[in-house]
Amino acid sequence: MTDRYCVFGNPIGHSKSPLIHGLFAEQTGQQLTYEAVLAPLDDFTGCARQFFATGKGGNVTVPFKEQAYQLAGSLSARAQRAGAVNTLKKLDDGSLLGDNTDGAGLVRDLTRNAGLDLAGKRILLLGAGGAARGVIEPLLAEKPAALVVANRTVEKAEALAQLFADLGPVSASGFDWLEEPVDLIINGTSASLAGDLPPISHSLIKPGHTVCYDMMYGKDMTAFNRWAAEHGAARTLDGLGMLVEQAAEAFLLWRGVLPDSAPVLAELRRQLA
Ligand code: ATR
């Protein structure tokens, strides 16, 4: 039987993961199928168990990443820290390994695709929800001079800064305490979903220097990236590259082969246009 993979989510119709993994499989000559699974909101676990009766691996998206963390029989160190799982792999003994490739995907997009060197840089991460939490450890591994986590609810940023304090120079902030320009601003809030902006000062952007990255993406420029461009950001990047790179990392975990993400990202861009 051909190895089966999937992405679990709700909703799931919009997911680009089947397209991405289909292209990876074609490119690497791997025999597999990859489907989108609409998991019931009240029974992710039952749905996942049913799939893994025969399935080999699954990606997990909104809103099930924390439930997947609970379901996994064992966890990678990065999934443990992230408190969330976006990739499940069935091991030979039938148990499920939970991993989280989101942060590695972001860092690969920033460093490899965008060519940024994060060492010694001042990074501002907006948001302290699941998306932000998942990227802190890999960002700190790049040895920035400082990583400031800023959030509307400051207590959540403080809790995250404390959780990762042993890994590097991470601190917490409210939005309105921030003034000095930084090298890189990453928007990990879900504000863009509602067309909103995190209320930060544009003095954080040094025109022609600061790079801005929105983990969200869409057909049009996100509200955050529009704001950044208006205030002179040197570059604005969206999260489509992160999406492809986290998938490449998952493919590597499942199949032992790292696909070339560049042509797949180009194809997604073409389809989004
Ligand atoms: P996700 O898994 O996408 O991170 P989440 O865990 O619900 O989703 O977290 C959403 C994040 O976006 C939080 O940091 C939230 O701020 P609060 O912790 O203060 O709620 C942030 N957020 C959502 N809407 C926002 C808005 N309009 N302005 C600023 N921050 C917003």
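**Close-up views of a predicted model**

**View 1. Strands β7 and β8 side by side.** Strand β7 (residues 122-126) pairs with β8 in the parallel sense, over 5 bridges. Strands here are DSSP runs of E with at least two residues, helices are runs of H or I with at least four residues, and both are numbered from the N terminus. Two strands count as paired if DSSP finds at least two bridges between them. Across this pair, leucine 125 stands opposite valine 149 in β8. Strand β8 (residues 146-150) is mostly covered, with 4 of its 5 residues buried. A residue is called buried if 20 or more other C-beta atoms lie within 10 Å of its own, exposed if 12 or fewer do, and partly exposed in between, with C-beta atoms placed from the backbone.

A word on reading these views: the model is predicted, local features need pLDDT of at least 70, side-chain atom pairs count only at pLDDT 80 or more, and totals for chains, interfaces and linings use all residues. Residues are numbered from 1 along each chain as its sequence is written.

**View 2. Alanine 161 in helix α7.** Look for alanine 161 in helix α7 (residues 154-163). Is alanine 161 buried or partly exposed? Alanine 161 is partly exposed, because 19 other C-beta atoms lie within 10 Å. Leaving aside neighbours within four places in sequence, alanine 161 is in contact with Val149, Val170, Ser171 and Ala172. Contact means that the C-beta atoms of two residues, placed from the backbone, lie within 7 Å. Val149 also appears in View 1, as the residue opposite leucine 125. For a sense of scale, alanine 161 and glycine 98 are 63 residues apart in sequence and 23 Å apart in space, C-alpha to C-alpha.

**View 3. An open sheet of 6 strands.** The order is β2-β1-β3-β5-β6-β4, and the pairing is mixed. β2 (32-38) and β4 (74-75) stand at the edges with a single partner strand each, so one side of each has no neighbour in the sheet. At one edge, β1 and β2 run parallel and are joined by 7 bridges, with tyrosine 5 opposite tyrosine 34 in β2. Strand β1 (residues 3-9) is mostly covered, and 5 of its 7 residues are buried. At the other edge, β4 runs parallel to strand β6 (residues 96-99), joined by 2 bridges. There, serine 74 has leucine 97 in β6 as its bridge partner.

**View 4. Lysine 65 and its annotation.** The UniProt annotation "active site", from an unreviewed entry, covers Lys65. UniProt positions follow the numbering used here, feature names are shortened, and annotations may be inferred rather than shown by experiment. Lysine 65 is placed in helix α3 (residues 65-71). Lysine 65 counts as buried because it has 26 C-beta neighbours inside 10 Å. Not counting residues up to four places away in sequence, lysine 65 touches Val60, Ala84, Val85, Asn86 and Gly130.

**View 5. Serine 15 and aspartate 102, two annotated positions.** In an unreviewed entry, UniProt places the feature "binding site" at several residues, including Ser15, Thr61, Asn86, Asp102 and Gln246. Serine 15 lies in the loop between β1 and α1, and its 20 C-beta neighbours inside 10 Å make it count as buried. Apart from residues up to four places away in sequence, serine 15 touches Val7, Gly9, Ala36 and Thr61. Aspartate 102 is found in helix α5 (residues 102-113) and counts as buried, with 30 C-beta neighbours inside 10 Å. With the sequence neighbours up to four places away left out, aspartate 102 touches Asn86, Gly134, Val135 and Gln246.

**View 6. The two faces of helix α10.** Which residues of helix α10 (residues 262-272) are buried? They are Val264, Leu265 and Leu268. Seen down the axis of α10, these buried residues fall within an arc of 100°, so they line one face of the helix; the arc is that of the directions from the helix axis to the C-beta atoms. The face turned away from the buried side carries the exposed residues Ala262, Pro263, Ala266 and Arg270. Among the elements covering the buried residues of α10 are α1 (17-28) and α9 (240-255).
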